[in-house]
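This report describes a protein model from its overall fold down to one helix pair and the loop that joins it. The sequence and structure are shown first.

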Amino acid sequence: MTTNTKINDGSYERVHDNQEENNLNIQSNAKEAGKDGPSELNWGESLWLVCKRSTPTILTMIFFQMVQLMNIFYVGHESSDLLAGVGLGNMLLNVLVFAVTMGLNGTIETFVAWSLGRDEKMMCGLHLNRARVIVTSFLIPVIVLFLFIDKILIGLQQDPEIANIAHQYVVYTIPGWFCNVQFDTTKRFLQTIHMSVVSTTTQFVTTALHVGWGYYFIIYKDMGVVGAAIALNITFCTNFLIQELYIHVIKREFFAEYLPPFWAKSSFSWSGTKKFLRLGVPGTLMQCAEWWAFEILAIFAGMMGKH
């Protein structure tokens, strides 16, 4: 007997299918294909499948890094202090925000794939909601920390002017990086259920447009760190809004069987949260160690002074 999960008025019903009927269907499909049973993929088919599944993930990470890189490129034409400050700000975002949240979001892929394999679609959305709660809870103290990050950087022997620029950058970009974390959470969910085209396409378009509004705000309007923050906010917030529009408006009927109400008690279940963190924290620590090993060098470089 196999088990499928269906949703009826917000509750789960267990519907049992006849295994013999499934076996007959499998055999019938195999005969129609001219085979006695399922066959293994050859190396070419396996390579194509791996590339097909991994390419969207690779591209989205490249587009994400290019946004920060373009901000660095433009502010580098303004002044060395602005370049150092925005670079330090990007380092803080990578170390304290993106490394941790992307590590936690990686847990979504495991839980959603497990639930999808059991045909428990509503559980897939429940894991997404739970991840949103966890990463948002983490970001709240980070926001408070960023409000005083200039004093912390000066205490770490960073140049006061550069520390002030970094402080402005991480504070002004709060809407952008907060939306980007939520975007990444949903993107992992979509990638696992093989619906990643919208995320990849959206990031491709907004990254291309970032070239224009980065130039406009930073170079043309000569807005410095404020211009860099506005450009980043536009790009990251647009990514998030388009993805949410796709899920909740354009494909609302399709995703209705995946997404339970966000405010359902199960989204805030402590037992579910513990299971999520038990798997997510070790993976997050491994990713953080990898990112921090490179990013933390900026702190030591800042201790050496401008010259």
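Which residues does serine 196 touch, not counting residues up to four places away in sequence? Serine 196 touches Pro56, Leu190 and Gln191, a contact being heavy atoms within 4.5 Å. The model is predicted, so local features need pLDDT of at least 70 and side-chain atom pairs count only at pLDDT 80 or more, while totals for chains, interfaces and linings use all residues. Residues are numbered from 1 along each chain as its sequence is written, and side-chain values use heavy atoms, with hydrogens and water left out.

**Overall fold**

The protein chain contains twelve helices and two strands, where helices (H or I, at least four residues) and strands (E, at least two) are DSSP runs numbered from the N terminus. Along the sequence the pattern is β-β-α-α-α-α-α-α-α-α-α-α-α-α. Of its 307 residues, 43% count as buried, meaning under 20% relative accessible area with a 1.4 Å probe, protein chains only. Among contacts between residues at least 6 apart in sequence, 78% join residues at least 24 apart.

**Helices α2 and α7**

The expected span of a helix is 1.5 Å times one less than its number of residues. For both helices below, the end-to-end C-alpha distance agrees with that value.

| Helix | Residues | Expected span | C-alpha end distance |
|---|---|---|---|
| α2 | 43–75 | 48 Å | 47 Å |
| α7 | 174–192 | 27 Å | 28 Å |

Helix α2 bends by about 35 degrees at serine 54, and proline 56 follows within four residues; the bend is the angle between axes fitted to the seven residues ending there and the seven starting there. Buried residues of α2 include Pro56, Thr60, Phe63 and Phe64. Their cover includes α3, α6, α7, α8, α9 and α11.

In α7, 17 of the 19 residues are buried, so this helix is largely enclosed by the rest of the structure.

**The α7–α8 pair and its loop**

The axes of α7 and α8 (residues 197–220) come within 8 Å and cross at roughly 140 degrees; axes are lines fitted to C-alpha atoms over the stretch in contact, with angles from 0 to 180 degrees between N-to-C directions. That makes α7 oblique to α8, since angles under 35 degrees count as roughly parallel, over 145 as roughly antiparallel, 65 to 115 as roughly perpendicular and the rest as oblique. Phe183, Lys187 and Leu190 of α7 meet Val198, Ser199 and Gln203 of α8.

After α7 comes histidine 194, whose phi is positive, near 65 degrees. Serine 196 lies in the loop between α7 and α8 and is buried, with a relative accessible area of 12%.

Conventions
Buried < 20%, exposed > 50% of the residue type's maximum accessible area, 1.4 Å probe, protein only.
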